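Me: I would like a close look at a single strand and what is built around it. Please work outward from that strand to the rest of the fold.

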Amino acid sequence: MRPLIYFAAIIALSTVEGGRILGLFPHTGKSHQMVFEPLLKKLAERGHQVTVVSFFPLKKPIANYTDVSLEGIATLGVETINLGWYEEFSIWTKLPKIGRVIKQLSEFQPLAGMALDVCSKAVDWVPLKEALQKNYDLVLVENFNSDCMMGLLHIYDIKAPVIALLSSAMMPWSSDRIGVTDNPSYVPIISSTFTPTMNLMDRIENTFLNAYHKIWFRYAIQLKEQALIETHFRTKIPDLDILSRNITLMFLNTFHALNGVKPLVPGIVEVGGMHLDPTRKNIPEIILNSLLHASRVRARKMILTKIIILSFLSLPNDVYCARILGLFPHPGKSHFMVFEPLLKRLSELGHHVTVASFFPPENPPANYTHIKFDGAGEPRLDILDLKTNDNVNFVRRIPILGGIIQQMSDFNLLAELALTKCQQIIEFQPLANVLKEDYDLVFIEIFNSDCAQGLIHQYGIKAPIIGLSSCTIMPWTAYRIGVSDNPAYVPVMGTTHTPTMSLLQRMENTFMLLYHNLWYRYKVQVKEQAIIENYFGRKMADLDLLSRNISLLLVNTFHPLNGVKPLVPGVVEIGGIHLNPNKKSIPGYIERFLNESKHGVILLSFGSLIKTSTIPKYKEEIIVNTLSKFKQRVIWKYEESEPEGTLVGNILKVRWLPQFELLQHEKVVAFIAHGGLLGMTESVYSGKPMVVVPFFGDQPSNAAAAANAGFAKIISYIDMTEKDLGDAVRSVLSEEMQLNARRVSKMWQDRESAPLDTAVYWTERVLRWGHSGQLHTAARDLSLYELALIDVFAAYALALTVILLSVWFILTKLMRLIIKESKQKIH
């Protein structure tokens, strides 16, 4: 993926013809502008009208590119640093630890003077004023040592979305603006010499600098710039700290292979190397001659070394016929539907793919070998009886407490299933035979079991592992790849929370996160480890440690639907990977029913796991009575119906339906579903609003995310009434909801590459670089107390206590001495 591909800015403008773009770059450093200039030129070349405010106008103007020069209001940052300054540091800077801190603090001080100097003159710079009085579709702003431009955007009432650009790694005060964690336990401050793996003293220093720089920027720059703007324009503006968060996207001139793996969110895009120009400049003759002379002298010595190095480097560039193993012991059909397209595509690309699962393909491609778990249980299809959902005791109806108990009971089923399947698959001889072979890569499902990880270890398979998740990240999964799951804003899967939570919701969310992690540890992991050790008759490494041995995690989510959550380079969203562009045919009787509808059709399906025909009679009457009052027709997936459907008024009950094809049909106007992620993905792709009736698992979370995105209404199955269902259906049939669904659909489909292509790229990237291409953060290997900085704050508390006690001791001694001398004088 080349950094100039061509940025998420172009994604933002993908449907814009000739967008009006303003670039504001008030820093005097030439190297900064060298990073941004290629993007600005590329946008102009693509037909956008680009106006650039900077200290470095183009030497050769190009079409669609207008320079607004700031030359003259400040000294340019070109060859201005005197190396003698580094010889003049005081003795304090040579002290261990303290000297390093003092040096960093002093190096940041000039940034404040530069920012205030430019801001004080920019507010009255006529060319800038004229540029800011025009209309724009997008604004690009450097996010470095100043927020002056953010204040001016507000003054001139420019409402366009803002993209922040950094020519470096993220500044200490920038992370809050886009909502990415900068936890100093494993995220080094930009000016430090630390790596992500820090000892206690390093983390103490890193935490101090993180907090200091934020406070320093607030009081040394932000508040003073705000005062400058308000004084000049004689008007109050919102706090610059709030205005600085008004950014849609942030480009960082970094890439994890060089700058280390750090936390990300979808709004942060690493574009390190985008300034690199593939067109070579002419090398001056004197330098060229020196190079040629040196090359002749060293040619003989270097030729063998070059051959060896080039041969070595060429090895990982391409992947040919890799041997790939996929282990999928979960019997849920909807889960395997997510993984199968990737496995098939890899085999089509020439890789040898061996898959162990419950679901053999109907038409396996070449290079695809399937091991079916015969005798290890049956696939789970149409097995959940809806009558059981009506037998709810009064405790589960208690607010908050009822929801917590419901989640606990739902997850207990997963533990029983995991342990049963683990016992069965370790005794399954065809799988044992497969595990004795050699592989270049292993896929495993990351869901309710780590049994596969244990088997990989027991059979000595050293290949890198890619985890696949058919749903949002499970509560016990985040730490395996070092991604933040802070319960203050990351809803736990299974809850109904959105990222914006009240205090009570955050309390519940925090409890559920801790509970699920402890539950999984002792209800699943420890017991699976005992099963494996008993079978093989020998001890093995802790499953908790083995579970962290994954190189990549592919997650069946995408933020327009599932919400923006923390990421790392090793977590890749591939939501929609199961969507097949080759449409299945719609049965003739359903096609006729669709085409004869004058007002559209509502689709009703509760997925492959729930047996809809088990619905209690009174609930069925609620649904029928409500939907029969609408002028739209209804197609209902209902297992016990006639071969060509059972027609009841305007409702056609069918045994099976091609759901994705129907959702894409122009006659379908809404979807009533249970909140399974596959169905919701199909609905959002097709731009159809939803009424969601969640039952268990991730369905409440999916429903809450869809409602938060603005294209769904949620109703409770237990408390369903004709009024609730009718109101929800009317809401999703409204013009506003229909428009919202189409808007979210366009955002969903607006990607750099298709989900399946993305998954293939990252899979082959892991094949190329193996264990050496680390994509996880150092948070993976930190304990909870280290992540929470408890040890750091304890050290601060201890230091403060020692200082206070020392002061108290000294003052006490002085007071006694003074009193003693006073008494002696009196005597």
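Reply: In this predicted model, strand β9, residues 352-357, is mostly covered, with five of its six residues buried. Two strands pair with it. On one side, β8 (residues 323-327) runs parallel to β9 and is joined to it by five bridges. Within that pairing, Arg323 is the residue opposite His352 of β9. On the other side is β10, residues 368-372, again parallel to β9 and again with five bridges. Here Val353 faces Tyr368 of β10, and Thr354 is placed opposite Thr369 of β10. In a regular strand, side chains alternate between the two faces of the sheet.

The connection from β8 to β9 goes through a helix. β8, helix α11 (residues 333-348) and β9 together form a β-α-β unit, and the unit is right-handed.

Just before β8 comes Cys321, located in the loop that links α10 (285-314) to β8. Cys321 has a relative accessible area of 47%, so it falls in the partly exposed class, which spans 20% to 50%. Leaving out residues up to four places away in sequence, Cys321 touches Gly350, His351 and His352. The last of these, His352, is the β9 residue that stands opposite Arg323. Cys321 and Leu349 are 28 residues apart along the chain, and their C-alpha atoms are separated by 8.2 Å.

The wider setting of β9 is an open sheet of seven strands with parallel pairing, in the order β10-β9-β8-β12-β13-β14-β15. The edges are β10 and β15 (571-573); each has a single partner strand, so one side of each has no neighbour in the sheet. Ignoring direction, neighbouring strands are turned by 20° against each other on average.

Two helices lie across parts of this sheet. Helix α14, residues 451-458, lies across β8, β12 (441-445) and β13 (465-469), and its direction is at about 155° to β12. Helix α26, residues 755-769, lies across β8, β12, β13, β14 (552-555) and β15, running at about 170° to β14.

Phe443 shows how residues from several of these elements come together. Setting aside neighbours within four places in sequence, Phe443 is in contact with Ile324, Leu325, Gly326, Leu327, Phe328, Leu342, Leu343, Leu346, Ile466, Leu468 and Thr763. Phe443 and Leu342 are also among the residues with the most contacts inside the largest nonpolar core, along with Leu24, Leu153 and Leu554. That core has 125 residues. Helix α3 (residues 98-122) gives the most to it, seven residues. The core draws at least three residues from each of domain 1 (18-78 + 93-270) and domain 2 (323-577).

Another core, of 43 residues, lies apart from this one; Cys471, Met493, Val601 and Ala709 are among its members.

There is also a second sheet to describe. It is open, has seven strands with mixed pairing, and follows the order β19-β20-β18-β16-β21-β22-β23. Its edge strands are β19 (646-648) and β23 (712-714), each with a single partner strand, so one side of each is left without a neighbour in the sheet. The average turn between neighbouring strands here is 20°, direction ignored. Within this sheet, β16 (residues 601-605) and β21 (residues 668-673) pair in the parallel sense over five bridges. Ser605 is placed opposite Ala673 of β21.

Helix α20, residues 617-627, packs on this second sheet, where it touches β16, β18 (633-637), β20 (651-654) and β21; its direction makes about 155° with that of β18. The buried residues of α20 are Lys619, Glu620, Ile622, Ile623, Val624, Thr626 and Leu627. The cover over these buried residues includes β16, β18, β20, β21 and α24 (722-733).

Beyond the end of β21, His674 lies in the loop between that strand and α22 (677-686). His674 counts as buried because its relative accessibility is 13%, against a cut-off of under 20%. Not counting residues up to four places away in sequence, His674 touches Ser605, Phe606, Gly607, Ile610, Val692, Val693, Pro694, Phe695 and Gln699. Ser605, one of these, is the residue that stands opposite Ala673 in β21.

Notes. Residues are numbered from 1 along each chain as its sequence is written. This is a predicted model: local features need pLDDT of at least 70, side-chain atom pairs count only at pLDDT 80 or more; totals for chains, interfaces and linings use all residues. Side-chain values use heavy atoms; hydrogens and water are left out. A nonpolar core is a set of buried Ala, Val, Leu, Ile, Met, Phe, Trp, Tyr and Cys residues joined through side-chain atoms within 4.5 Å. Buried means under 20% relative accessible area, exposed over 50%, partly exposed in between (1.4 Å probe, protein chains only). Helices (H or I, at least four residues) and strands (E, at least two) are DSSP runs, numbered from the N terminus. Domain bounds come from an automatic or database domain assignment. Contact means heavy atoms within 4.5 Å. Two strands pair if DSSP finds at least two bridges between them. A crossover is right-handed if, with the strands pointing away from the viewer, the path from the first strand over the helix to the second runs clockwise. Axes are lines fitted to C-alpha atoms, for helices over the stretch in contact, and angles run from 0 to 180 degrees between N-to-C directions.
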